Amino acid sequence: RFCAYENGTCNFMDYAMNLGAFFIPGALIGVLCLLALPSFIILRLCCNACGGRRMSPGCFCAGDHKQFRGYSGRSIFLTKFCVFFVLLITSGFVILGFLGNRDVGTGAIGVGNTLIGAGEALIVKATNITKGIASVEQAKAQAKSVLNLIDAGNATLDRARGLNEQVSGYD
């Protein structure tokens with residue numbers, strides 16, 4: 001729930017911790033993904049590392065490029081293991097993301113229902129006030145303009161109900 005709202009009070013610290021628990025891992029993986037391809041391209045093209053055909057002495061590789069005998073079995077295994085490990089971690093975060101997405105939909109529906117309920121209560125109060133104003137002969141024109149605003153409010157509530165139903169359809 002927004003701001004960890006419970007019993008009429010907001011607990012911003014709990015909200016921030018829950019938000020951070022979902023946001024920080026995704027943000028870190030996003031930054032790593034954004035940096036991975038440019039880093040690979042730079043290392044491969046400029047320094048001839050990351051599987052280049054010849055080693056570049058003095059950059060990341062030591063020794064003479066003519067003496068390169070290929071990659072060792074250990075090096076190949078470690079590379080495959082790291083790729084598999086990253087794949088497992090990423091798969092876990094994808095699963096957590098899907099589970100969290102369901103909670104986001106439920107929370108959005110709750111917020112939508114709350115806003116719709118508040119809007120309906122406001123419309124009822126405004127309608128009652130307008131009826132009181134309309135009972136005074138000199139204020140009938142003003143009451144009519146307020147009724148136009150109430151109609152606009154009802155149209156807005158109808159759009160909000162439609163959006164809430166769309167979110168419910170995805171939940």
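Helices, of at least four residues, and strands, of at least two, are taken here as DSSP runs and are numbered from the N terminus. The exercises below concern a predicted model.

**Exercise 1. Describe the order of helices and strands along the chain.**

Solution. Begin by counting the elements: the chain contains three helices and zero strands. Then follow the sequence from its start, and the pattern that appears is α-α-α. The elements are helix H1, covering residues 12–45, helix H2, covering residues 73–134, and helix H3, covering residues 140–170.

**Exercise 2. Check whether the end-to-end distances of H1 and H2 agree or disagree with the spans expected from their residue counts.**

Solution. The expected span is 1.5 Å times one less than the number of residues in the helix. For H1, with 34 residues, this gives 50 Å, and the C-alpha atoms at its ends lie 48 Å apart, which agrees. For H2, with 62 residues, the expected span is 92 Å, and the separation of its end C-alpha atoms, 89 Å, agrees as well. A further detail belongs to H1, which bends by about 30° at glycine 20.

**Exercise 3. Find the salt bridges in the structure and work out which residues they join into one network.**

Solution. A search of the whole structure returns two salt bridges. In one of them, the side chains of arginine 161 and glutamate 120 meet at 2.6 Å, N to O. This pair links distant parts of the chain, since arginine 161 belongs to helix H3 and glutamate 120 to helix H2, 41 residues apart. In the other, arginine 161 meets aspartate 158 at 2.8 Å, N to O. These two residues are three apart in helix H3, so about one helical turn separates them. Because the salt bridges share partners, Glu120, Asp158 and Arg161 form one network.

To finish, consider accessibility, where partly exposed refers to values between the 20% limit for buried and the 50% limit for exposed. Arginine 161, at 29%, is therefore partly exposed, glutamate 120, at 33%, is partly exposed, and aspartate 158, at 48%, is partly exposed too.

**Exercise 4. Determine which residues of H2 are buried, and which residues make the nonpolar surface patch.**

Solution. For the chain as a whole, buried residues make up 12% of its 171 residues. Within H2, the buried residues are Gly100, Gly105, Ile109, Gly112, Ile116, Gly119, Ile123 and Thr130. Turning to the surface, a nonpolar patch of about 940 Å² is made by Phe77, Leu78, Phe81, Phe85, Val86, Ile89, Phe93, Ile95, Leu96 and Leu99. One of these, phenylalanine 81, is found in helix H2, and its relative accessibility of 43% makes it partly exposed.

**Exercise 5. State how far apart the C-alpha atoms of glycine 169 and glycine 105 are, and compare this with their places along the chain.**

Solution. Glycine 169 lies in helix H3, whereas glycine 105 is among the buried residues of H2. Although 64 residues separate the two along the chain, their C-alpha atoms are 9.7 Å apart. Glycine 169, with a relative accessible area of 63%, is exposed.

**Exercise 6. Report how many disulfides the structure holds, and describe the accessibility of cysteine 33 and cysteine 82.**

Solution. Searching the whole structure yields zero disulfides. Cysteine 33 has a relative accessible area of 54%, so it counts as exposed. Cysteine 82, at 46%, is partly exposed.

Technical notes: Residues numbered from 1 in each chain as written. Predicted model: local features only at pLDDT ≥ 70, side-chain atom pairs only at ≥ 80, totals over all residues. Heavy atoms only, no water. Patch = residues over 30% accessible without salt bridge, like charges linked within 9 Å, V, L, I, M, F, W, Y side chains within 5 Å. Areas by Shrake-Rupley, 256 points an atom, 1.4 Å probe, with all protein chains shown as cover. Salt bridge = Lys/Arg side-chain N within 4 Å of Asp/Glu carboxyl O. Buried < 20%, exposed > 50% of the residue type's maximum accessible area, 1.4 Å probe, protein only. Disulfide = S-S within 2.5 Å. Bend = angle between axes of the 7 residues up to and from the residue.
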